[in-house]
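Trainee: I'd like to learn how to read a helix in a model like this one. Could you walk me through it?

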Amino acid sequence: EGAQALAHVLAKDNVTLKRLAVNANRITSKGVESLVTALQSNVTLQYIEVDQHTTSVHSELTLLLRQNRAGRRLLRDETVPLGVWSYVLGRSSRQPNVLFYFLKELPSLYMH
């Protein structure tokens, strides 16, 4: 299926693509699952328009995209100044699941 091929490309280190519209392409639930898997390693894609499928798959896709918009790519950079994280956490404050993700990934922000 085309979505699986697209997911394979998205899983690679893509640093330019931020928006993707595939909502008119009849992507199956399996294709959406492939996109979710790809987004686990893709930290730059911020928006994807896809027809809504099963709630759990769509909510996982939405969560990963929200994490990307909040700055998930910064987790890969060990030189990010501490002050940047207060900005990232502030942007995440209205989305408890995204805020929890960053706090879970960076316990050094609150544990000494």
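Trainee: On the other side of helix 1, away from its buried residues, which residues are exposed?

Mentor: Exposed here takes over 50% relative accessible area. In this predicted model, G2 and H8 are the ones that are exposed on that side of helix 1.

Trainee: And which residues of helix 1 are buried?

Mentor: Helix 1 spans residues 2–11, and its buried residues are A3, A7 and L10. Look at how they sit around the axis: the arc they cover is only 60 degrees, so they share the same side of helix 1.

Trainee: What covers those buried residues of helix 1?

Mentor: The cover includes strand 1 (19–21) and helix 2 (29–39).

Trainee: Can we look at that from the helix 2 end? Take S34: is S34 buried or exposed?

Mentor: The cut-off for buried is under 20% relative accessible area. S34, which has its place in helix 2, comes in at 17%, so S34 is buried. Leaving out residues up to four places away in sequence, S34 touches A3, Q4 and A7. You've met two of those already: A3 and A7 are among the buried residues of helix 1.

Trainee: Let's try another one. Where does Q67 lie?

Mentor: Q67 is in helix 3, which runs over residues 55–70. Its relative accessibility is 4%, so Q67 counts as buried.

Trainee: Which residues is Q67 in contact with, leaving aside neighbours within four places in sequence?

Mentor: There are R72, V98, Y101 and F102.

Trainee: Okay, zooming out. How many helices and strands does the chain have?

Mentor: The count is 5 helices and 2 strands. Reading from the N terminus, the order goes α-β-α-β-α-α-α.

Trainee: What share of the residues is buried?

Mentor: Of 112 residues, 36% count as buried. For contacts, take the pairs at least 6 apart in sequence: 64% of those contacts join residues at least 24 apart.

Trainee: What about the overall box and the surface?

Mentor: Along the principal axes, the C-alpha atoms fill a box of roughly 50 × 25 × 20 Å. The accessible surface is about 7000 Å², with 54% of that belonging to carbon and sulfur atoms.

Trainee: Last one, on charges. How many positive and negative side chains are there?

Mentor: You'll find 13 positive and 9 negative side chains, and the centres of the two sets lie 5 Å apart.

Key
Residues numbered from 1 in each chain as written. Predicted model: local features only at pLDDT ≥ 70, side-chain atom pairs only at ≥ 80, totals over all residues. Heavy atoms only, no water. Helix = DSSP H or I, 4+ residues; strand = E, 2+ residues; numbered from the N terminus. Buried < 20%, exposed > 50% of the residue type's maximum accessible area, 1.4 Å probe, protein only. Contact = heavy atoms within 4.5 Å. Arc of directions from axis to C-beta. Areas by Shrake-Rupley, 256 points an atom, 1.4 Å probe, with all protein chains shown as cover. Lys, Arg positive; Asp, Glu negative; His and termini not counted. Charge placed at Lys NZ, Arg CZ, Asp CG, Glu CD.
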